[in-house]
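Trainee: I am new to this structure and would be grateful for a close look at the loop where your account begins. Please then connect that loop to the rest of the chain.

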Amino acid sequence: MNKTDRMLAIVIELQRKGMLRAEDLAARFETSIRTIYRDMQALSEAGVPVAGEPGAGYSLMEGYFLPPVSFTAEEAVSLLIGADFVELRLDAEYGAKARNSQEKIEAILPENVREETARVRSVIRLLNERAARTRGQEKETFEQLRRAILQKRRIHFRYSKNMPESDGNRHSERTVDPYGLVLAQGAWVLIAFCGLRRDIRHFRLSRMNELVVLEESFEFLPGFHLQDHKSVDDRNVIVRMLVDSAVADRIQEADNFYMESFEPGEEGWLATFRVRRIEELLQWTLGWGAAVRVLEPESLRERMCEEIEKMLEHY
């Protein structure tokens with residue numbers, strides 16, 4: 001980054017974050033503190049109202065705003081595709097805001113950059129075919145949750161788990177404190193404190209029904225920060241399978257969430273998975289037929305035999 005670009009970036013950083021130390025700016029732009037001192041002097045001489053407070057850092061004088069900046073074609077494409085993603089995956093209100101943002105960005109682009117941006121965007125397309133079947137319901141749920149989180153309002157809903165409990169029941173009713181929304185493995189997930197389990201739990205939006213935002217308010221657990229939150233990984237069951245080389249490429253493309261490794265061997269490819277319960281892989285494994293053979297654990301091999309025998313009874 002040359003000096004001019006760095007000085008502009010420094011002003012943008014100060015405008016975004018309020019006050020920063022020279023050490024912070026030096027680390028951010030991978031340069032020396034002495035260079036930052038010189039940049040600040042140059043900015044002041046250029047008329048940028050930079051204020052320095054000993055022991056605290058640098059800031060811009062209140063009321064100063066950077067004039068509109070120009071975008072390269074690549075930067076504009078990044079912003080416009082980001083807006084496409086927001087319109088595709090978030091609720092209607094944010095979808096409308098995303099379209100408005102696109103129009104404003106396109107309006108300020110120089111003609112040559114706008115033409116290049118249009119050319120690049122013409123070869124990039126975001127697809128959401130899987131979500132299209134439940135798009136309306138999931139987007140409505142997203143909007144309700146977003147508002148409830150911002151207003152700190154408790155919610156109640158009916159939830160359908162992927163795997164049944166020990167009693168065979170997959171459905172339950174939950175009252176939770178919604179903390180945040182996370183896009184994971186292509187699906188939106190609610191992070192919330194569950195009143196039933198008395199702990200933080202994850203709920204896929206696609207499995208939530210009959211959502212009601214309650215009048216009750218809540219407070220976040222002390223010290224909770226969504227950006228720092230990591231779910232407890234309790235997948236302790238190791239499963240190994242031998243995969244026929246003829247379908248190895250298709251197995252890789254399937255990108256199973258539970259797969260830990262996929263390595264070539266003398267008799268085929270060795271696939272290793274980590275799950276909570278063997279049932280999480282049962283139907284997936286059956287779907288590959290004779291092309292996939294379970295090596296371990298023995299409990300999954302036995303369940304496979306049971307399912308195959310049940311299938312034979314129908315033919």
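Mentor: Glutamate 30 sits in the loop that runs between helix 2 (22–28) and helix 3. The model is a predicted one, and in it the phi angle of glutamate 30 is near 55 degrees, a positive value in a residue other than glycine. Most residues other than glycine have a negative phi, and most peptide bonds are trans. Glutamate 30 is classed as exposed because its relative accessibility is 76%, and exposed means over 50%.

A positive phi also occurs at arginine 198, where the value is near 55 degrees, again in a residue other than glycine. Arginine 198 belongs to the loop between strand 6 (187–194) and strand 7 (199–204). With 58% relative accessibility, arginine 198 is exposed.

The other backbone feature to note concerns a peptide bond. The bond leading from glutamate 296 to proline 297 is cis, and its omega is near 5 degrees. Proline 297 lies in the loop between strand 12 and helix 11.

Helix 3, which follows the loop of glutamate 30, brings us to the salt bridges. What joins aspartate 39 and arginine 6? Their side chains meet in a salt bridge, at 2.6 Å from N to O. This pair links distant parts of the chain, since aspartate 39 is in helix 3 (residues 33–45) and arginine 6 is in helix 1 (residues 3–17), 33 residues apart. Aspartate 39 and arginine 6 are both buried.

Counted over the model, the salt bridges come to 24. One of them lies just past the loop of arginine 198: the side chains of aspartate 199 and arginine 201 meet at 3.5 Å, N to O. Aspartate 199 has a relative accessible area of 38% and is therefore partly exposed. Arginine 201, at 33%, is partly exposed as well.

A further salt bridge is formed by the side chains of arginine 274 and glutamate 260, with 3.3 Å from N to O. Here too distant parts of the chain are linked: arginine 274 is in strand 11 (residues 269–275) and glutamate 260 is in strand 10 (residues 259–264), 14 residues apart. Arginine 274 counts as buried because its relative accessibility is 19%, and buried means under 20%. Glutamate 260 is partly exposed, with a relative accessible area of 44%. Some salt bridges share partners, and in this way Arg277, Glu279, Arg303, Glu306, Glu307 and Lys310 are joined into one network.

We may now turn to the second largest pocket. Its volume is about 230 Å³. Which elements each supply at least two residues of its lining? They are helix 10 (279–286), strand 12 (292–296) and helix 11. Helix 11 gives the largest share of the lining, 5 residues. The residues that line the second largest pocket are Thr285, Leu286, Gly289, Ala290, Val292, Arg293, Val294, Arg301, Met304, Cys305, Ile308 and Met311. Sorted by class, this lining holds 8 nonpolar, 2 polar and 2 charged residues.

Ile308 and Met311, named in that lining, also belong to a nonpolar patch on the surface, together with Leu312 and Tyr315. The four residues of the patch have about 510 Å² of accessible area together. Leucine 312 is part of helix 11 (residues 298–312). Leucine 312 is exposed, at 58% relative accessibility.

Two separations give a sense of how the chain is laid out. Leucine 295 is in strand 12 and is partly exposed, with a relative accessible area of 37%. The C-alpha atoms of leucine 295 and valine 50 are separated by 67 Å, and the two residues are 245 residues apart along the chain. Asparagine 100, in helix 5 (residues 92–108), is partly exposed at 37% relative accessibility. Between asparagine 100 and glutamate 111 there are 19 Å in space, C-alpha to C-alpha, while in sequence the two are 11 residues apart.

To return to the starting point, glutamate 30 combines a positive phi with an exposed position, and the helix that follows its loop carries aspartate 39, the partner of arginine 6.

Methods: Residues are numbered from 1 along each chain as its sequence is written. This is a predicted model: local features need pLDDT of at least 70, side-chain atom pairs count only at pLDDT 80 or more; totals for chains, interfaces and linings use all residues. Side-chain values use heavy atoms; hydrogens and water are left out. Patches are made of residues with over 30% relative accessible area and no salt bridge: like charges are joined within 9 Å, nonpolar side chains (Val, Leu, Ile, Met, Phe, Trp, Tyr) within 5 Å. Accessible areas come from the Shrake-Rupley method with a 1.4 Å probe; for residues, only the protein chains shown count as cover. Helices (H or I, at least four residues) and strands (E, at least two) are DSSP runs, numbered from the N terminus. Buried means under 20% relative accessible area, exposed over 50%, partly exposed in between (1.4 Å probe, protein chains only). On a 1 Å grid over the protein atoms alone, a cavity is a set of points where a 1.4 Å probe fits but cannot get out, and a pocket is an open set with protein on both sides within 12 Å along at least five of seven lines; lining residues have an atom within 4 Å of a point. Grid points are joined across faces, edges and corners, and a volume is the space filled by probe spheres set on the points. Ala, Val, Leu, Ile, Met, Phe, Trp, Tyr, Cys and Pro count as nonpolar, Asp, Glu, Lys and Arg as charged, and the others, Gly among them, as polar.
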